[in-house]
Amino acid sequence: MKMPRVFVTATARPTFDLDAARERARAARELLSSLGADVTGPTGLVLTPEDADAAAAELDPSADLVVNICASFSDAGPALRLYSELRRPVLLWSFREPGPVGGRLRLNSLCGANLFGHALVRAGGSVRLLYGDPWEPAVREPLSAALEGELPAAPELPALQRERAPEGEVRAAVESLSGRRIGVVGDGPPGFTPSEYDAATLRDVFGIEVERLEVDEVFARIDAVPETTVEEELAAATRVRPSLRGLDPAHTAGFAAVTSALREWSAADVLAGVAVRCWPEFPTRLGVCPCSALSRLADEGTPTACERDVHGTVTMLLLEALGSGPTYLVDTVDLDAADNVVRLWHCGSAATALAADPEQATQSVHCNRRIGVAGDFALRTGPVVMARITEESDCSGPTGLRLLIASGESVSEPNRFQGNTAAVRLDAPAAEFVHGLVTGGFPHHTVLAWTDVRPGLRAAADIYGIPVIEW
């Protein structure tokens with residue numbers, strides 16, 4: 001019998017645990033071979049644009065199966081370089097998170113698959129998801145089926161019509177967004193397709209304007225913060241975040257300067273929210289991570305989003321206008337299907353008001369960059385809503401946008417990953433949700449809220465003419 005030919009690429013990013021990534025990628029290739037596949041493609045990790053170019057030169061579009069091993073998180077640049085013209089499904093294989101509770105997120109593999117899925121579906125492609133480590137018995141069966149031509153299913157997106165709040169009650173909240181402005185720092189990080197936006201659409205649909213500053217201009221403002229202002233801000237922040245005393249003074253001074261500059265800009269220009277290109281320039285050029293500065297502004301009532309996620313910021317503004325209270329932008333990083341739990345995480349920019357214990361909202365260093373300042377605490381428990389405004393994959397609607405909604409309960413557990421983590425037991429089947437998130441082309445970011453505003457969200461979407469996809 002003819003061996004199925006399988007083209008395999010393993011993508012990763014150097015800021016994650018490359019030893020663990022290589023170990024799993026090697027085991028994945030070995031499993032494919034043991035199942036009878038003729039495995040081709042680069043044997044090393046694809047880490048750079050040059051690596052992606054070399055892998056693209058090896059790609060055989062006629063292979064029986066195309067597998068991208070998301071050995072760790074990676075931006076979507078390699079996915080678009082390799083597969084944007086490939087009019088057939090790509091199997092995205094992501095791994096579970098290794099490491100002890102409370103340690104760094106060593107791979108962030110699932111989130112990488114999520115970002116790849118968004119980029120490729122948005123570009124007109126198709127993806128499927130395989131989740132699990134190569135040594136898991138539950139992985140062998142779907143992989144064997146894929147070698148025989150039967151890829152894992154792409155769940156149908158739900159189309160239920162659920163309860164709406166009265167339009168009159170919601171219209172005032174919707175209208176309150178008109179005329180608001182979002183401060184946007186820099187360009188979207190390369191390969192972060194969910195960070196792209198169209199200013200005209202935001203203006204036409206929501207009445208929201210965007211005010212841009214380049215990274216260099218923001219850095220100039222940070223440098224210009226008077227030393228006395230830095231000292232006053234650091235003293236004020238330390239009174240409510242005493243763990244700042246244990247960090248490198250250079251990092252905490254930088255944190256105070258970033259906080260002061262962003263606060264002054266927000267107040268002077270009456271910004272309703274702020275979306276910041278938080279890397280690579282902040283850690284590499286300024287020597288500070290802005291996570292805790294964004295957290296400080298969020299505690300003061302200004303929604304903040306990292307990775308310059310403008311649609312995420314709009315989602316935050318809509319949720320808060322509907323009465324959600326403070327919200328947080330999160331990645332979906334871990335799936336425990338047996339317990340129906342997804343773990344939602346980000347590096348450490350959550351408002352301390354959202355901590356499971358606000359008095360223990362520890363400030364620390366960034367999990368990957370090892371530079372201050374970033375929060376390190378578990379998020380609040382209780383009923384939660386996940387939401388995200390994003391573009392339609394086919395842009396067929398009148399606005400070109402759609403609204404993702406899910407719900408569940410954030411359950412008590414130690415902070416699973418350094419940064420801010422919530423373990424959410426979903427109301428819908430968690431595995432189906434995760435597969436739908438990836439194969440449906442949804443962004444890797446959703447917004448987490450602790451007040452059930454779903455009836456208002458649905459009604460607001462109707463007013464805007466935006467279709468709702470709700471798990």
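Trainee: How many disulfides does a search of the whole structure find?

Mentor: Good place to start, and keep in mind that this is a predicted model. A disulfide needs two cysteine sulfur atoms within 2.5 Å. The sulfur of Cys 278 is 4.7 Å from its closest cysteine sulfur, in Cys 306, so that pair is too far for a bond. Across the whole structure, the number of disulfides found is zero.

Trainee: Which cysteine holds the sulfur closest to that of Cys 111, and why is there no bond?

Mentor: Cys 111 is buried, with a relative accessible area of 0%. Its closest cysteine sulfur is 9.5 Å away, which is too far for a bond. The cysteine that holds this closest sulfur is Cys 347.

Trainee: Is Cys 278 buried or exposed?

Mentor: The cut-off for buried is under 20% relative accessible area. Cys 278 has 12% relative accessibility, so Cys 278 counts as buried.

Trainee: What is the volume of the largest cavity, and which residues are closest to its centre?

Mentor: Happy to walk through that one. The largest cavity holds about 330 Å³ of space. Its lining has 27 residues, divided by class into 15 nonpolar, eight polar and four charged. Closest to the centre are Trp 279, Glu 307, Cys 347, His 366 and Asn 368.

Trainee: Which element gives the largest share of the lining of the second largest cavity?

Mentor: That cavity holds about 40 Å³ of space, and its lining includes Glu 413, Arg 416 and Thr 421. Two elements, β17 (401-411) and β18 (420-426), each supply at least two lining residues. The largest share, three residues, comes from β18.

Trainee: Which side chain makes a polar contact with the side chain of Arg 343?

Mentor: Let's place the residue first: Arg 343 is in strand β12 (residues 341-346), and it is buried, with a relative accessible area of 12%. Among the residues that Arg 343 touches are Asp 331, Asp 334, Glu 413 and Phe 417. The polar contact, at 2.9 Å, is with the side chain of Glu 413.

Trainee: Which element gives the most to the lining of the largest pocket?

Mentor: The largest pocket has a volume of about 290 Å³. It is lined by 15 residues, with Arg 13, Leu 47, Thr 48, Pro 49 and Asp 75 nearest its centre. Two elements, α2 (49-58) and α3 (77-83), give two or more residues to this lining. The one that gives the most, with three residues, is α3.

Terms used: Residues numbered from 1 in each chain as written. Predicted model: local features only at pLDDT ≥ 70, side-chain atom pairs only at ≥ 80, totals over all residues. Heavy atoms only, no water. Helix = DSSP H or I, 4+ residues; strand = E, 2+ residues; numbered from the N terminus. Buried < 20%, exposed > 50% of the residue type's maximum accessible area, 1.4 Å probe, protein only. Polar contact = N/O pair within 3.5 Å; in protein donor to acceptor, adjacent residues only side chain to side chain. Contact = heavy atoms within 4.5 Å. 1 Å grid on protein atoms, 1.4 Å probe; cavity = no way out; pocket = protein on both sides within 12 Å on 5 of 7 lines; lining within 4 Å. Points joined across faces, edges and corners; volume = space filled by probe spheres on them. Nonpolar A, V, L, I, M, F, W, Y, C, P; charged D, E, K, R; others polar. Lists of a residue's contacts leave out its neighbours within four places in sequence.
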